[in-house]
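I am opening a notebook on a structure that is new to me, and I want to look up how its inside is packed and where space is left. My entries follow in the order in which I looked.

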Amino acid sequence: MRKSRLLLTLVVLALLSVLFFHHFQIEGIEQLQLRRRGNTMMQAEASLPETTPDSIRIATFNLQVFGRTKSNNDSAMQSLARIGRQFHVIALQEICGPGQDAVARLVEKMNEDGGQYDFLLSKPLGHASFKQQYGFIFDRRTIDVDRPRCCSIEDPDSLFEHPPFVGYFQVQPKLASNPFRFTLVNVQINPENRHAELELMDEIYELIWNRGRGEDDVIILGDFQTNSETLSSILGPSRLVPVLDAGVLTDTRLSKQTDNILVHSEATPEFHGKAETFRFMRRFNLSLQESLAISDHLPVWAEFQLDEE
């Protein structure tokens, strides 16, 4: 008799349990899934979303002593290639040693999936013993370059430790009825002479604007060795505006802001107002040590429209 009652009780409890779950859905009951590092969901988030059809993405990236040693590190180079493919144009700083060989190898890796990237390099620049090259990598499917005009800014009075490098670019005519033409000024500020070098940004803008081409879309980008708040205070009433807020951290350790992009608030309405860093350590699921092998800086990017206004 007891066994029959126990059995009946269990049956009733089972029926009540079924009715409970039928009428009351527990939110997330099937959503707790432990996933391994490097799974397909993580990899799907490794890239930035595609730009809209009417936009390009311009970036700056301090490669932190990019030369023979780093270019022989296959893991770092694979990551750098993945980073580079996120952008249509990317300005590079701290290319050292046999820079052309290192950048050529990077572009070769970027093109392994059928890409059509190309590059420009300055000559080694620097008034002290440490010299570096600036570089630009650009996607030829989207961007055209005026190679004969690209040059380093002449600096006979040694106002800069590393004189800026200027590149002249244009959206491919087949992509826009009135292609966006823009000049990129690649800079790396000397921290020991930071204030004096930053005060020259307005003069650089005017120098390029008056060069004869009449180009007002002059974008200054690179490693400014300070955050946007200090940068704006040094620039004063200038119309050159940093695209990042002061709170956006641009180093791999997420401790400070040094990298930025300056656009003219009136002359370059092609800037969408969309700008950010590319946190490759999170997107590629890397440790701090693995990330620092790539660079101690993060790329900074901004979006611009294809058509000139």
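**Packing inside**

I began with I219 and, leaving aside residues up to four places away in sequence, I found that I219 touches I58, F180, F182, T183, L184, V185, I261, L262, V263 and F304. I note here that the model is a predicted one, and I keep that in mind for every entry below.

I then looked up the core around this residue: I219 is among the residues with the most contacts inside the largest nonpolar core, together with I56, F169, F182, L184 and F304. That core has 32 residues. I also found a second core, separate from it, which has 30 residues and includes A46, F61, F66 and A102.

**Rings**

I next turned to the aromatic side chains, where the count comes to ten aromatic pairs. I looked at F278 and F284, whose ring centres are 5.9 Å apart, and since their planes stand at 65°, where over 60 counts as edge-to-face, I recorded the pair as edge-to-face. F278 is buried, because its relative accessible area is 0% and the cut-off is under 20%. F284 has a relative accessible area of 9%, so F284 is buried as well.

I also traced a cluster in which ring pairs link F136, F138, F165, F169, F180, F182, F271 and F304. I recognised F169, F182 and F304 from the list of residues with the most contacts inside the largest nonpolar core.

Two arginines caught my attention here: R57 lies over the face of W301, at 4.9 Å from the ring centre, and R149 lies over the face of Y168, also with 4.9 Å to the ring centre.

**Open and closed space**

Which residues lie nearest the centre of the largest pocket? I found E50, T51, R85, Q86 and H88 there, out of 22 residues that line this pocket. I wrote down a volume of about 420 Å³ for the largest pocket, and a lining made up of nine nonpolar, seven polar and six charged residues.

For the second largest pocket I noted a volume of about 170 Å³. The lining of this pocket includes I153, E154, D155, P156 and D157, and further along the chain L200, E203, I204 and L207. By class, I counted seven nonpolar and four charged residues in that lining, with no polar ones.

Last, I looked for enclosed space and found one cavity of 30 Å³ or more. The largest cavity has a volume of about 50 Å³, and among the residues that line it are F61, L63, L80, I83, G84 and I90. I had already met F61 in the second core.

Technical notes. Residues are numbered from 1 along each chain as its sequence is written. This is a predicted model: local features need pLDDT of at least 70, side-chain atom pairs count only at pLDDT 80 or more; totals for chains, interfaces and linings use all residues. Side-chain values use heavy atoms; hydrogens and water are left out. A nonpolar core is a set of buried Ala, Val, Leu, Ile, Met, Phe, Trp, Tyr and Cys residues joined through side-chain atoms within 4.5 Å. Buried means under 20% relative accessible area, exposed over 50%, partly exposed in between (1.4 Å probe, protein chains only). Contact means heavy atoms within 4.5 Å. On a 1 Å grid over the protein atoms alone, a cavity is a set of points where a 1.4 Å probe fits but cannot get out, and a pocket is an open set with protein on both sides within 12 Å along at least five of seven lines; lining residues have an atom within 4 Å of a point. Grid points are joined across faces, edges and corners, and a volume is the space filled by probe spheres set on the points. Ala, Val, Leu, Ile, Met, Phe, Trp, Tyr, Cys and Pro count as nonpolar, Asp, Glu, Lys and Arg as charged, and the others, Gly among them, as polar. Rings of Phe, Tyr and Trp (its six-membered ring) pair if their centres lie within 6.5 Å; planes under 30 degrees apart count as stacked, over 60 as edge-to-face and the rest as tilted. A charge sits over a ring if NZ of Lys or CZ of Arg is within 6 Å of the ring centre and within 35 degrees of the ring normal.
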